[in-house]
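This briefing concerns charged side chains and their exposure to solvent. Please consult the sequence and the model shown below before reading the points that follow.

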Amino acid sequence: MTRGNQREKDRERAQARGGNKGNKGKDDGLTPEQRRERDAKALQEKAAKKAAQAVGGESSGGGKGNNKK
């Protein structure tokens, strides 16, 4: 067995590289209900922005070829 403590070293290196990626969403200090409200608001803003862009794109006569028929 020549590997010795290689697994432990690899785990330490991976943790140092990755940081705390898994805890990204949980550090905001919000309750699940507050998080749902925040996410819903963000989705509504995104949809409104996309709709405004689509209306603007149609009146300018083209765009990127996203016309659905």
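Glutamate 33 has a relative accessibility of 43%, so this residue counts as partly exposed. The model is predicted. The side chain of glutamate 33 joins that of arginine 36 in a salt bridge, with an N to O distance of 3.2 Å. This pair belongs to a set of three salt bridges in the structure.

**Overall architecture and surface**

- The protein chain contains two helices and zero strands.
- Of its 69 residues, 3% count as buried.
- The chain exposes about 7,000 Å², and carbon and sulfur atoms supply 49% of that area.

**Salt bridge in helix α1**

- Arginine 13 and aspartate 10 form a salt bridge through their side chains, at 3.7 Å from N to O.
- Helix α1 spans residues 6–18, and the two partners are three residues apart within this helix, so about one helical turn separates them.
- Aspartate 10 counts as partly exposed because its relative accessibility is 30%, a value that falls between the cut-offs of 20% for buried and 50% for exposed.

**Salt bridges of arginine 36 and arginine 38**

- Helix α2 covers residues 32–59 and holds both arginine 36 and glutamate 33; these residues are three positions apart, about one turn of the helix.
- Arginine 36 has a relative accessibility of 52% and therefore counts as exposed, whereas its partner glutamate 33, at 43%, is partly exposed.
- The side chains of arginine 38 and aspartate 39 meet in a further salt bridge, with 3.3 Å between N and O.
- Both members of this pair are partly exposed: arginine 38 has a relative accessibility of 38%, and aspartate 39 has a relative accessible area of 36%.
- As a general matter, side chains of opposite charge can pair when their charged atoms come close.

**Arginine 35**

- Arginine 35 is located in helix α2.
- Is arginine 35 buried or exposed? Its relative accessible area is 19%, so arginine 35 is buried, the cut-off for that class being under 20%.
- The side chain of arginine 35 reaches the backbone oxygen of leucine 30 at a distance of 2.9 Å.

Terms used
Residues are numbered from 1 along each chain as its sequence is written. This is a predicted model: local features need pLDDT of at least 70, side-chain atom pairs count only at pLDDT 80 or more; totals for chains, interfaces and linings use all residues. Side-chain values use heavy atoms; hydrogens and water are left out. A salt bridge is a side-chain nitrogen of Lys or Arg within 4 Å of a carboxyl oxygen of Asp or Glu. Helices (H or I, at least four residues) and strands (E, at least two) are DSSP runs, numbered from the N terminus. Buried means under 20% relative accessible area, exposed over 50%, partly exposed in between (1.4 Å probe, protein chains only). Accessible areas come from the Shrake-Rupley method with a 1.4 Å probe; for residues, only the protein chains shown count as cover. A polar contact is a pair of N or O atoms within 3.5 Å; within protein, one must be able to donate a hydrogen and the other to accept it, and residues adjacent in sequence count only if both atoms are side-chain atoms.
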